[in-house]
Amino acid sequence: MGSLLSSYEIISPDTILFHSRNQRRLYVTNGQGKVLKRYPLYKEGLDVYPSSRRGAGFKNLGYLLFLNNDLGCSSVYARLSIMQMSLDLADGSLNEFLSLPEAYETEKKTYWPRKLCHLYSTFDANTNQMVYSFPGNEEVVKYDLDQSYESLTTGSGYLGNPKAIHISRFPADPMSEFKSFLGYNRYGRIHVDPYNELFLRSYYYKTPQEQLDQNILRTKSSLIIFDKENNMLGEAELIGAHELFFTKAGLHQVLFNSNMEDSLEIRVFDYNF
């Protein structure tokens, strides 16, 4: 399978899915590591490069598997790029859909920092929809499995009117580009609380330029909460990584302590609205 596996999912003790970004393949193995099936994740003549990573892995719905297309957006043709792929695990067929929203339109010779186009997604089991969040767009997109779309504004209005960077000022090295990315207000992951039928969207405030000049790369973040009718219910500052899961008891945040290898803290939050 190669040495660079992007992500995996254990379906059962004898069925494991592995995604290899470099080989553009999905592998199905048994518990002993024997490859039972291979799925190609590309089409001739189609510019796709499926990716998966921590916080944006593939989504397995049992018969359909969804992956992001990691082409980024530092291209004049970015708005035409396919951002999402679905793989039918029964027959191996691929479906490509979802391009960047109009908010990503650029003028001639202007580009966005690559990370500003990373797509975040989740699955809402209550409505049987995939839900997509773009960092630079107020709206989220809901995708029914019958291939119909619905764009909904679930933003805060905080983004303002972000502008792409002219090629003459576009960063030449990865660290400078990352600093440019931190200079934008932006959205992150989107979460579904199935017990309370809520959407929670991570939001990151831009890092002030004086901090970036001092290589202080921290950023303030919050969670913006919406109900299923798309009404904004509130916003809460969240300190630490947005590693979240939900139970009937409420919202849980997982915190890792890099100084204590065996330490794991879970904070439980209740909603107050």
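Here is a short friendly exchange about a predicted model.

Me: Why is Phe256 called exposed?
Reply: Its relative accessible area is 55%, and exposed means over 50%, so Phe256 counts as exposed. You will find Phe256 in strand β21, which covers residues 250-256.

Me: What makes Phe256 part of a nonpolar patch, and which residues join it?
Reply: A patch takes residues with over 30% relative accessible area and no salt bridge, and nonpolar side chains are joined within 5 Å. Phe256, at 55%, is over that cut-off, so its area qualifies. The patch on the surface also holds Phe245, Leu264, Ile266 and Val268, and together the five have about 480 Å² of accessible area. Strand β22 (residues 264-269) gives the most to the patch, with three residues.

Me: How do you know that β3 and β4 pair?
Reply: Pairing needs at least two bridges between the strands. Strand β3 (residues 25-29) and β4 have five, in the antiparallel sense, so they pair. Look for Leu26, which stands opposite Tyr39 in β4.

Me: Why is β4 called an edge strand?
Reply: β4 (35-40) pairs on one side only, and so does β1 (7-12). These are the edge strands of an open sheet of four, with the order β1-β2-β3-β4 and antiparallel pairing. From one strand to the next, the twist averages 15 degrees.

Me: How much of the chain is buried, and what makes a residue count as buried?
Reply: Buried means under 20% relative accessible area, and such residues make up 44% of the 273 in the chain. The chain has two helices and 22 strands.

Definitions and conventions: Residues are numbered from 1 along each chain as its sequence is written. This is a predicted model: local features need pLDDT of at least 70, side-chain atom pairs count only at pLDDT 80 or more; totals for chains, interfaces and linings use all residues. Side-chain values use heavy atoms; hydrogens and water are left out. Axes are lines fitted to C-alpha atoms, for helices over the stretch in contact, and angles run from 0 to 180 degrees between N-to-C directions. Buried means under 20% relative accessible area, exposed over 50%, partly exposed in between (1.4 Å probe, protein chains only). Patches are made of residues with over 30% relative accessible area and no salt bridge: like charges are joined within 9 Å, nonpolar side chains (Val, Leu, Ile, Met, Phe, Trp, Tyr) within 5 Å. Accessible areas come from the Shrake-Rupley method with a 1.4 Å probe; for residues, only the protein chains shown count as cover. A salt bridge is a side-chain nitrogen of Lys or Arg within 4 Å of a carboxyl oxygen of Asp or Glu.
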